[in-house]
Structures are given as structure tokens and as C-alpha cells.
Amino acid sequence: MFNRTVVVLVCGFLSLVGIKESLPQALSPHADIVITNAKILQADQSFVSAIAIYQQKILALGTNEQIASYIGPSTQTIHAEGKLIIPGLIDSHMHAIRAGLTYQHEVNWLGVRTKEEALYRIREAADKKPLGEWIVIAGGWVPEQFQDGAIPSPKELVIASKGHPLYLQKLYSSVFISPEGINKLGLTKHAELLSRLDIVLDSNGHATGWMSGNARTISDLFDLLPGPTPSEQNDSLKAFFKTLNHMGITGLYDPGGYNFPIESYKIFWNIHAKKELTLRVAYSLSAPKRGTELADFKKLITTLPTNDALLQWNGIGENITWGMYNNDSPTAEDQKHLQDVLEWAAKENLTVTLHWNNKESIAKLFEVIEAVQASYSIKDLRWSIAHINNIDQTSLLRMKKNHIGWLAQDALYFQALQFEEKYGKISLSYSPLLREAINLNVPLGFGTDAHRVMDFNPFVALQWLITGKSIDGKEGRTMEHLLTPYEAIDLYTKGSAYFLPDADLRGELSVGKYADLAILDKNLFTVPSNQIHTIRSELTMVGGKVVFTAGPFTYNRP
Ligand SMILES: [Zn+2]
């Protein structure tokens, strides 16, 4: 019979010795869930067929026969039809909370290849929305994804939007706003913002509707758009998390972001309080405003809900002080200001993540980190630098020496062309330096930086890690810089988990770890590599709880 004492003892024993095999029949506790007939990826790159799950964690792994002994009268069994099971993916740098609040109210061009499909998505939204309501495409596309590079013309965009105001953002560099949109925003009343925008004119000197500016200007422009109501935001965020579950994602490290005040977390916290979170979210706090960063952080951290297995406040970043955020020429005063905050963080044993884009200026950041370490050890605090796509070997070594990890993303899948124009073809053939980071054993997590701008689909990122080919199909990284499917998944699971408070419980499917996993519709190890981006999860589980099902597993719907 089911015996709790035995179960606890056995669980402890199993996790101590880490065995995969089942125990003798008499000792076997009954699992809550058993999955059989699968190809379950193991940390040593081997596969097993079956897994037993008990109280959120993995109880045993082995052959179908071995795991059968864990099946009791109330065990739910799932036949996986020979499909691949991977550990749940963890995006280590996704602005998911911010993005999720508006996700359902936006149109996206993710995966769009033709002008016709792009216009269809706008027309479809126009037909659904009450007249006068905005159609917003807030990034997630680049011109290179369109066949022949042909994106819809301003005229075509206006016709497709059928009288609705239209906002179309390209990366953090430019925006198209339809005439209805310009009127509705009252853009002419925002003189200061307008002065920061470059208006794109046609050959006759008429405004095209396109305007360009830097990342901050584009963010400020976006923030003029009316947001959905709190209840719409609540539904939208939950729907976004479900979409991520469909992509096999079970965990996130969310870095807050520009113009994302603490009040904006309330809907997210509330979803968690109502036990409706369908993935584990670790989040860091960015500084809300320039000049009072340290005082603001000290105050903010007293207002946060208590951490648990699903919701974890994970320190500060990615914007820690405004003077050292998107600034390649910080002053000594900017550096000192960051040092003060980082020293406080080190003293408080906080995790830190820092946004930095260019290797040319990263020495300025290392100087600060090294100054902090003159007085404090950060060795076990899981600090990281995010982005820095053009990182070089010197910076990697300096990262390692300073106990800093790297949160890398697939920005060069979308922006290979711009990168090549700026740094040259040779630089693109090895960037970002993932192979070197792996060889040097620099802690390395992977993710997307989605979204207002990037695609959140981890399989797009995994395909790029494995093939090196950018969105236009062109070769980027050369052979010796490509990752194997195993290495790519490893970065997206164990690699990302390293930066989280409960790293030892996540990132791989082994006894004693959380049962966070995804049954994939196609085998990532055998599918043609140019099809990896089409892979989806058919069953996603977080802590042994089924949070998403599709296809043959739909009958397990939670
Ligand atoms: Zn960033």
C-alpha cells in the first residue's frame, strides 16, 4: 500500500545516490504520474524511456519495465508515443511580464515571409476590432524575413488597416504610424519627443509615416499608445504564458526593463497569488528613475511578495543605474554611482544582471565590477552581463576572472545584416563567441530578449544556435562555431538555470529535480535542421503539473 514514510525515505535515498533504475518492487512508492514510451534526454546525452514523478519532482527514470513498478491505482500514466522529452526550456532574458500585459492586444509578424501574409494579419485584426481601436505591431520582425526583402508600402499598410490607427515598430529603430494614428496620438502636441524623431520623407518631400529614433525615443513613442484595461492585461499575461508553455518553456528570468514601474508587476503577482502561474518566473528589478537608484532599490525590495517555487525575485538589473545603461562613454561619476549600488547588492548577497551592448566600452563596466570585488566577494552571487553580441576573448576571460556569467540571445538571427555591415563578415562568422564561452567554462545562459522586438520562440533560437543561419537563410557562424543540438538545449536549460536561485533543482531531468519537461511534436535531434523552428511542445509540465497539452495529449488537458 501507499506509505508516505517509505516514500519520503525512498525519495531521499534516490536523490542521494542519484540512481536511474527502479527500486525493488516492495520498496517502490507509487508515482503521481508515469510517462512511458518516450525518448527522455539525460544530462549525459543518453536517453531513457520512462519517468516517474512524485510530488512535483522526479522519482525515477529508466526503462518502461523498471518504471512500471511505480504505477499504483491512482497513478496517471501517459504513453508518449516514442516522442522526445526535453527538460523544460528556460529563457534567461525575456521581458515577458511587460510583453505579456499587451500581448493579446497586438498583432505580430512572427514567422511571416510574404507581404501578403503581413497585410492579411493587419486586415484580420481590423475586422475584429471596433473601429477606432489601435492595431499595434510592436516589433518581432525584420525586413530580411520577407521574400525579396519587400515589406508592405505605407499605402498598403493604410489600406489594410481599414481606418484603424496603425502602429508598426521595426526593432528599436523606427516606427510607421498611419495618418489616423498620428491624429489619434496627437503627436504634434509632443514637441520634445517629436524633436528626437527623424521623419522619413519620400522622393517628393512628403512624410511617409515612417520615423526613426534611438531605443529610448522609440520606447517613449510606444508608451503613448493606450494600454489595455487591468482585466484585459490579466487575461493577456496568462495567455502569453500559455503560449510560452506551447513552446516548451517552463521558466523565465525576466529583467524588467525601461519604463516598467513596480506597479506594473501587480497583475503578475496577482496571477501568482491566484495560483494561475503556468511557469516559474524569476524576475529582477530595474531602476525606475535616474539619480535615486540606490534609495529606490532599497525601498522597492521591501514591497515584494515572498518567493516560492514559482515566483522568485532574483535581484536587480538589467538597468541598475541610468548613467551606465546604453551609455558607451560613462563618466567617472557614472561609474562611481553604479559601484555604490553594486556594493550594496554584493553586501546584501543579491544576484545582479547588467545590460551591455558593446565590447568597445565594456572595460568601463569591468572597472566597476573589479572595484566592487576589492571589498566584496560576488563569487557565489550568479551575476551576469546580458547581450554583448560582439564580445571578444579578452572580455570573456575578464568575465570568468570576475565570476560573471553571460546571458546571450539570438539577436544575430535577426540582425546579422546590420552586424556584418558594422563589424564585417569575419566577425559575423564567429559571433557571438558561444563556442569560446563554452570552452572557457564561462557560465552561459540562453534566451531571446523578447519581446517588444525579438521573437520569443525558443525553437527559432535553437535552430540558429545549431545552424548559424540568420532569418534570411544566409550563413552566419561557420562550422566550428555551431553548437550541437545537445549543447543548444543544454544552454537553454541547465545553462539558464545556473542564474536562478533554485539552480540545483532545475535544468535537467534527473532524480530529485523538478518535473519540468516538454514532450515535443518532432524530435529535435533528427528533424531537418531548417525545420527546428517549427517544433512545438505537445505536453508541457511544470513541477509535475500538466500546464499545456496539444495533439495526441489533449485528453490530459488541465
Ligand atoms: Zn537588455
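Select Lys-39 and Leu-84 to begin: Lys-39 stands opposite Leu-84 in strand β7, and the two strands concerned, β2 (residues 39-41) and β7 (residues 84-87), run parallel and are joined by two bridges. Strands here are DSSP runs of E with at least two residues, helices are runs of H or I with at least four, and both are numbered from the N terminus; two strands are taken to pair if DSSP finds at least two bridges between them. Residue numbers count from 1 along each chain as its sequence is written. Keep in mind that this is a predicted model, in which local features need pLDDT of at least 70 and side-chain atom pairs count only at pLDDT 80 or more, whereas totals for chains, interfaces and linings use all residues.

Next, colour by pLDDT, the predictor's confidence in each residue on a scale from 0 to 100. The chain averages 92, and 94% of the residues score at least 70. Over residues 1-26, however, the pLDDT is below 50, and this stretch has 35 contacts in the model beyond near neighbours in sequence, a contact being two residues whose C-beta atoms, placed from the backbone, lie within 7 Å. Where pLDDT is low, the predicted coordinates should not be read in detail.

Return to β7 and add strand β21 (residues 517-520), which runs antiparallel to β7 and is joined to it by three bridges. Ile-85 has Ile-519 as its bridge partner in β21, while Ile-86 stands opposite Ala-518. Within β21, Leu-517 and Ile-519 point one way and Ala-518 and Leu-520 the other way, and all are buried, that is, 20 or more other C-beta atoms lie within 10 Å of their own (12 or fewer would make a residue exposed, and counts in between partly exposed, with C-beta atoms placed from the backbone). Extending the selection to strand β22 (residues 537-542) shows an antiparallel pairing with β21 over four bridges, in which Ile-519 stands opposite Leu-539.

Now move to another sheet, an open one whose four strands follow the order β8-β14-β15-β16 with parallel pairing. Which strands stand at its edges? They are β8 (89-91) and β16 (311-316), each of which has a single partner strand, so one side of each is left without a neighbour in the sheet. Four bridges join β15 (residues 280-285) to β16, and Ala-282 stands opposite Gln-312 there.

Finally, select helix α9 (residues 230-246) and helix α10 (residues 266-273), whose axes come within 10 Å and cross at roughly 60°; these axes are lines fitted to C-alpha atoms over the stretch in contact, with angles running from 0 to 180 degrees between N-to-C directions. The contact is made by Pro-230, Gln-233, Asn-234, Leu-237 and Lys-238 of α9 together with Ile-267, Phe-268 and Ile-271 of α10.

Centre the view on Lys-238, which lies in α9 and is buried, with 20 other C-beta atoms within 10 Å. Leaving aside residues up to four places away in sequence, Lys-238 touches Ile-271 and Glu-276. As a last distance to display, Lys-238 and Leu-440 are 202 residues apart in sequence and 39 Å apart in space, C-alpha to C-alpha.
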